[in-house]
Amino acid sequence: MSSTTGTTTVITNIASLVTNDPSLGDGSPLGLIQDAAVVIEGDRIAWTGDSRKAPATDNRVDAGGRAVIPGFVDSHSHLVFAGDRTQEFNARMSGRGYTAGGIRTTVAATRAASDEDLERNLTHYLHEALRQGTTTFETKSGYGLTVEDEARALRIAAAHTDEVTYLGAHIVSPDYADDPAAYVALVTGEMLDACAPYARWIDVFCEKGAFDGDQARAILTAGTAKGLHPRVHANQLSYGPGVQLAVELDAASADHCTHLTDADVEALANGRTVATLLPGAEFSTRAEWPDARRLLDAGVTVALSTDCNPGSSFTSSVPFCIALAVRDMGMTPDEAVWSATAGGAAALRRTDIGRLTVGARADLALLDAPSHVHLAYRPGVPLVTGVWRRGAREV
Ligand SMILES: [Zn+2]
């Protein structure tokens, strides 16, 4: 199904509408409107408000007293990959720890895969995410780690999303195990030149066993010089320089933020960098949860995303992450839904998505529930029953 520009559709009889505009409805950050309607014109939101006052439109959809929320903005995933790490997960759940090294397994499988296999795998998981309400996704390279394989991953990703991140610095390529400096030179040189045309962002896994602070700075600075914007895998497995480096370089997002000092939290609170929390990773590695409450209380902008990848967080479900964030990270249901929509948009420095306000992109999800709170209240239940993206109904 697709909508022609200018065609208007009203979704009416919405019990509870999340707009993420605090000037609307109840005045909360979610801008909740009860008994609401939304008008879509072409690919944009044209009107929101009281259901009884909705203007006449070409088409009409009755929400039947259910909730509508902005489509989820999943600002962190790794979906250009091949292979499977079931055995590693099984072993970990039987007592073994997680280190950055397991990535090598996926690198070998990804290099061996055809373009068609990688694209088929990517679109499979993108569709899976769409069915669960995700209307915008970011995805990365990072399982190729050669000039050709990284550029190929980004070319395939760019065919399906405009939020593409160059992550040649995921780990030091096994081919350069004895000479990490030469690998950093490749990532900041020939590989960057080949990858930059397909990407908007540059990322680095700043962690023991991956890249240290000096290497991360060199990589992000080289990317910035090529017109890419930084984001950082920071402070996931241990304390380290990633978060402060991200803030210093005005990265859009510092992702994971599981091990933070007070100075790290203060830096995030005083900068523009969003803290993106990825509880699927802690769930799937039985690791300590990031403390969302601490960040929110300090005034940090928090995003919530899946980190969908075959090694450490193989879930494409934002609703699952919302439930974890509420149950185990100290977030309220309102905060978790905001972070998975408007927060994700902030982590991608986007203002046209993550909200349902006049002029925003018509990306929205209809829940089989009267309220967004059910996303945490009814964990594991597939509540997303309708999805519109760019004004077209896709689910
Ligand atoms: Zn990641």
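Helices (H or I, at least four residues) and strands (E, at least two) are taken as DSSP runs and are numbered from the N terminus. The structure described here is a predicted model, in which local features need pLDDT of at least 70 and side-chain atom pairs count only at pLDDT 80 or more, whereas totals for chains, interfaces and linings use all residues. Residues are numbered from 1 along each chain as its sequence is written.

The domain assignment divides the chain into domain 1 (8-71 + 355-393) and domain 2 (73-347), with bounds that come from an automatic or database domain assignment. The C-alpha centres of domain 1 and domain 2 lie 30 Å apart. To the contact between them, domain 1 gives 20 residues and domain 2 gives 18 residues, two residues being in contact if their C-beta atoms, placed from the backbone, lie within 7 Å. On the side of domain 1 that touches domain 2, at least two residues each are supplied by β4 (59-70), α14 (374-377) and β14 (384-389), and the largest share, three residues, comes from β14. By class, this side of domain 1 has 13 nonpolar, four polar and three charged residues, where Ala, Val, Leu, Ile, Met, Phe, Trp, Tyr, Cys and Pro count as nonpolar, Asp, Glu, Lys and Arg as charged, and the others, Gly among them, as polar.

Strand β14 also belongs to an open sheet of seven strands, arranged in the order β3-β2-β1-β4-β13-β14-β15 with mixed pairing; two strands pair if DSSP finds at least two bridges between them. The edges of the sheet are formed by β3 (44-50) and β15 (392-393), each of which pairs on one side only. Within the sheet, β13 (residues 364-367) and β14 are paired in the antiparallel sense over four bridges, and Leu366 has Gly386 in β14 as its bridge partner.

An unreviewed UniProt entry applies the annotation "binding site" to His76, His78, His233 and Asp307. Although these residues are spread over 232 residues of sequence, they cluster in space, with a largest C-alpha distance of 12.1 Å. UniProt positions are given in the numbering used here, feature names are shortened, and annotations may be inferred rather than shown by experiment. His76 is located in the loop between β5 and α1 and is buried, with 32 other C-beta atoms within 10 Å. A residue is called buried if 20 or more other C-beta atoms lie within 10 Å of its own, exposed if 12 or fewer, and partly exposed in between, the C-beta atoms being placed from the backbone. Apart from neighbours within four places in sequence, His76 is in contact with Glu138, Asp255, Thr276, Leu278, Ser305 and Asp307, the last of which is itself listed in the annotation. His78, placed in the loop between β5 and α1, is buried with 26 other C-beta atoms within 10 Å, and its contacts beyond four places in sequence are Thr139, Lys140, Gly142, Cys308 and Asn309.

The unreviewed UniProt entry further lists Arg85, Tyr143, His170, Gln236 and Ser312 under "binding site". Arg85 lies in the loop between β5 (72-74) and α1 (86-92) and counts as buried because 20 C-beta neighbours fall inside 10 Å. When residues up to four places away in sequence are not counted, Arg85 touches Gly102, Thr105, Thr106, Pro310 and Gly311. His170, by contrast, is found in the loop between β7 (163-169) and α5 (180-188), where it is buried with 26 other C-beta atoms within 10 Å; its contacts, leaving aside neighbours within four places in sequence, are Ile103, Gly142, Leu145 and Phe205.

Ile103 and Thr106 reappear in helix α2 (residues 103-112), whose buried residues include Ile103, Thr106, Val107 and Thr110. These residues lie on the same side of α2 because they cover an arc of only 105° around the axis, the arc being that of the directions from the helix axis to the C-beta atoms. The buried residues of α2 pack against α4 (147-158), while the face turned away from the buried side carries the exposed residues Ala108 and Ala112.

Leu228 is situated in the loop between α7 (213-225) and β9 (229-234) and counts as buried, with 21 C-beta neighbours inside 10 Å. Leu228 and Arg200 are 28 residues apart in sequence, yet their C-alpha atoms are 5.4 Å apart in space. Among the residues that Leu228 touches, not counting those up to four places away in sequence, are Tyr166, Ala196, Ala199, Arg200 and Trp201.
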